[in-house]
Amino acid sequence: MAKRRSFISFDWALKRLLRSKANFAILEGFLSELLMEDIQIVEILESESNQEHRDDKYNKVDMKVKNARGELVLIEVQYERELDYLQRLLYAMAKTITEHIREGEPYSQVVKLISVSILYFDLGQGTDYVYRGNTHFKGLHTNDELNLSEGQKSLFQRHSIPDLFPEFYLIRVNRFDDIARDTLDEWIYFLKNEEIRAEFTARGLHQAREQLDILKLSEDERQAYERYKEDLHFQASMVESTYGVGKLEGRKEGRKEGRKEGRKEGRKEGRKEGRKEGKREGERSGKIDTLLRLLAQRFGVVSVPVTERVTQADLALLDLWTDRILDAKTVDDLFAH
């Protein structure tokens with residue numbers, strides 16, 4: 001197995017290196033693998049945020065790209081959970097559309113937009129780690145799909161209605177299982193692990209291997225990169241400090257509820273197996289509920305296998321996992337021996 005190399009994270013590359021025309025091939029490769037077509041970048045446009053200091057919006061990194069077809073691609077890296085993130089995407093799309101049509105121009109000149117979100121938190125519920133969204137019109141009575149007329153195809157230079165409307169890609173990096181099944185997965189592996197394996201062949205990764213090596217940074221760039229990574233840790237600590245107390249209180253309350261439930265359950269089970277056994281089982285039930293609630297708060301949607309593992313655990317394991325929940329970086333860390 002080849003030795004791992006240390007590469008610059010993709011978000012930092014977006015902020016600094018990939019804005020250079022000399023490095024367009026890296027971004028073109030990523031977009032080509034994601035959109036499954038040959039993407040050529042014409043220019044990098046001014047984007048909403050490109051801050052580099054702690055008092056800026058380092059929680060989010062975004063880039064606006066214009067490709068050879070005149071389409072605009074909005075690329076965003078987001079680390080912290082936002083419950084209204086989908087609405088913010090919709091707002092960004094609407095704002096960009098209005099910014100890129102001149103007064104007096106016909107609506108046929110509305111630009112085609114593609115949104116690419118690279119997310120390091122759970123957004124919604126689903127089992128996949130890459131989602132695509134676009135617009136279709138279905139008949140209420142016939143269930144047929146509305147299509148463009150030949151005249152509209154000629155006017156818009158598009159083949160279908162979804163080609164006109166904004167398109168969304170959501171990459172839930174934290175949900176990727178580290179198994180590269182295709183070339184897009186090779187890119188997602190890099191996004192998650194900051195590692196490019198020797199056998200990877202995805203477009204753009206060869207250039208990334210050459211250009212994004214930390215060892216090739218100048219001393220000033222390396223220090224700036226370290227500050228940026230520290231900023232991310234700082235932000236994560238602030239979030240943990242904000243919500244950590246609430247989680248601890250939730251755990252205490254959960255244990256209290258567990259004892260209460262234990263007494264209640266104990267009375268019920270006492271008729272069959274005795275009050276003592278019922279109380280113990282009731283306490284276990286309360287701890288299971290508490291741990292599942294904390295898992296959902298910490299890591300998002302709890303999978304069926306994890307739920308089964310928790311519900312089958314004994315009191316000692318439940319206490320151990322509950323004590324670990326604040327320090328665990330992943331669900332696997334929580335269950336590690």
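Is Lys287 buried or exposed? Lys287 is buried, at a relative accessible area of 12%. The views below, all drawn from a predicted model, start with this lysine and then move around the protein.

**View 1. Lys287 and its surroundings.** Lys287 belongs to helix α8, which covers residues 275-299. Its relative accessible area of 12% falls under the 20% cut-off, so Lys287 counts as buried. Setting aside neighbours within four places in sequence, the residues in contact with Lys287 are Leu315, Leu318 and Asp319.

**View 2. The whole protein, for orientation.** Before zooming in again, here's the overall layout: 11 helices and 6 strands. Of the 337 residues, 40% count as buried. Take the contacts between residues at least 6 apart in sequence, and 65% of them join residues at least 24 apart.

**View 3. Phe7 meets Phe190.** The structure holds 11 aromatic pairs, and this is one of them. The ring centres of Phe7 and Phe190 are 6.5 Å apart and the planes sit at 85°, which is over 60 degrees, so the pair is edge-to-face. The two partners come from distant parts of the chain, 183 residues apart: Phe7 lies in the segment before α1 (10-15), and Phe190 lies in helix α5 (residues 183-193). Phe7 is buried, with a relative accessible area of 1%, and Phe190 is also buried at 1%. Ring pairs tie Phe7 and Phe190 into a cluster with Phe10, Phe30 and Trp187.

**View 4. Helix α5 among its neighbours.** With 8 of its 11 residues buried, α5 is largely enclosed by the rest of the structure. The buried residues are Leu184, Asp185, Glu186, Trp187, Ile188, Tyr189, Phe190 and Leu191. What do they pack against? The partners are α1, α2, β4 (113-119), β5 (130-133), β6 (167-172) and α6 (205-211).

**View 5. Two nonpolar cores.** In soluble globular proteins, nonpolar side chains tend to be buried together. Here the largest nonpolar core has 48 residues, and those with the most contacts inside it are Phe10, Leu27, Phe30, Ile75, Val116, Ile118 and Leu212. Helix α2 (residues 24-35) supplies the largest share of this core, 7 residues. A second core, separate from that one, has 15 residues, including Leu291, Val306, Val310 and Ala328.

**View 6. The two faces of helix α3.** Helix α3 runs over residues 85-99, and at 1.5 Å a residue its 15 residues should span 21 Å; the end C-alpha atoms are 21 Å apart, which agrees. Tyr85, Leu89, Met93 and Thr96 are buried in α3. Looking down the axis, the buried residues of α3 fall within an arc of 90°, so they line one face of the helix. That fits the usual helix geometry: an α-helix has 3.6 residues a turn, so residues three or four places apart point the same way. On the face of α3 turned away from the buried side are the exposed residues Gln87, Leu90, Tyr91 and Thr98.

**View 7. Tyr228 beside Trp12.** Tyr228 sits in helix α7 (residues 219-273) and counts as buried, at 2% relative accessibility. Tyr228 and Trp12 are 216 residues apart along the chain, yet their C-alpha atoms are separated by 7.8 Å.

**View 8. Arg309 over Phe335.** One last close-up shows a charge and a ring: the charged end of Arg309 sits over the ring of Phe335, 4.4 Å from its centre.

Terms used:
Residues are numbered from 1 along each chain as its sequence is written. This is a predicted model: local features need pLDDT of at least 70, side-chain atom pairs count only at pLDDT 80 or more; totals for chains, interfaces and linings use all residues. Side-chain values use heavy atoms; hydrogens and water are left out. Rings of Phe, Tyr and Trp (its six-membered ring) pair if their centres lie within 6.5 Å; planes under 30 degrees apart count as stacked, over 60 as edge-to-face and the rest as tilted. Helices (H or I, at least four residues) and strands (E, at least two) are DSSP runs, numbered from the N terminus. Buried means under 20% relative accessible area, exposed over 50%, partly exposed in between (1.4 Å probe, protein chains only). A charge sits over a ring if NZ of Lys or CZ of Arg is within 6 Å of the ring centre and within 35 degrees of the ring normal. A nonpolar core is a set of buried Ala, Val, Leu, Ile, Met, Phe, Trp, Tyr and Cys residues joined through side-chain atoms within 4.5 Å. The expected span of a helix is 1.5 Å times one less than its number of residues. The arc is that of the directions from the helix axis to the C-beta atoms. Contact means heavy atoms within 4.5 Å.
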